[in-house]
Amino acid sequence: MTSAPSRLDISAEVAAITATLKSRRDPDYEWGMRRTVPSQQPAHAVRVPMIQKTAAEWKSAHRDAPNDEVIALADALWATGWREERRVGIELVRRYKGALAQAGWQRLEDWSAGIDNWELVDHLAEPTGALLLDEPSLLGRVKTLSKSENPWQRRLALVTLIRAFMKGDGSLRGELMAMAARLQKDPHPLVRRAFVWARDRLGKDHLDG
């Protein structure tokens, strides 16, 4: 199916968002950010509330933006490779529920292949967790992702399940317990750290041993 022509100049929108992010750079934040989130990705050193504000402002100015335009912008922001632009892209897809449904699991999984840090993984798990809640049939895709050779995708699978479990009706408890138990001895330390998060959500007695 061919999408309707975009009425937005996507390149111009990306440039405007980047300019806003640059204006919100906080040099005092960069050292702590780099220490807490080791990564090779370029970053402007914008604090998280300011990233969220940037996304909220864009949505406020474009409340009626069609889903395909929001997705096109999110894809373009992701393609920049910059930390803050990618976070704004995730925020936009998450904030436009119709865009999230239209973007679909495969697009977000494709994005995840280019992640090298836990911050983007855990942020991306918000929309992937929402998709799983809306489409329980995606559970198989989440399980498959948990067996990826890419440790960041394994973490994404587990955190996706954690987020869906926390917002759902408890029906995912067994699936979360099984995945967490399998990944608790994962070779990557930040996958194992996600296991600790799962253990805290489920209750330590269920997963230790």
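In this predicted model, the structure contains 16 salt bridges. Side chains of opposite charge can pair when their charged atoms come close. Several of these pairs are described below, followed by one residue with an unusual backbone angle.

The pair R107 and D75 forms a salt bridge in which the closest N and O atoms are 3.0 Å apart. R107 sits in helix α6 (residues 97–112) and D75 in helix α4 (residues 67–79), so the bridge links distant parts of the chain, 32 residues apart. How accessible is R107? Its relative accessibility is 26%, so R107 counts as partly exposed. D75 has a relative accessible area of 25% and is likewise partly exposed, because that class covers values between the buried limit of under 20% and the exposed limit of over 50%.

R94 and E126 also form a salt bridge, with the closest N and O atoms 3.3 Å apart. R94 belongs to helix α5 (residues 83–95), while E126 belongs to helix α7 (residues 118–134), so this contact ties together parts of the chain that are 32 residues apart in sequence. R94 has 33% relative accessibility and counts as partly exposed. For E126 the relative accessibility is 22%, which again counts as partly exposed.

A further salt bridge joins the side chains of R199 and D200, with an N to O distance of 4.0 Å. Which side of this pair is buried, and which is partly exposed? R199 is buried, with a relative accessible area of 18%, whereas D200 is partly exposed at 47% relative accessibility. The value for R199 falls in the buried class because the limit is under 20%.

Salt bridges can also share partners. R83, E84, R87 and E119 are joined in this way into one network.

The last stop is a matter of backbone geometry. Most residues other than glycine have a negative phi, and most peptide bonds are trans. Where does A45 lie? A45 is found in the loop between α2 (27–36) and α3 (48–61). Although A45 is not a glycine, its phi is positive, at about 70°. A45 is also buried, with a relative accessible area of 0%. The loop residue A45 therefore combines a positive phi with a buried position, since 0% is under the 20% limit.

Key:
Residues numbered from 1 in each chain as written. Predicted model: local features only at pLDDT ≥ 70, side-chain atom pairs only at ≥ 80, totals over all residues. Heavy atoms only, no water. Helix = DSSP H or I, 4+ residues; strand = E, 2+ residues; numbered from the N terminus. Buried < 20%, exposed > 50% of the residue type's maximum accessible area, 1.4 Å probe, protein only.
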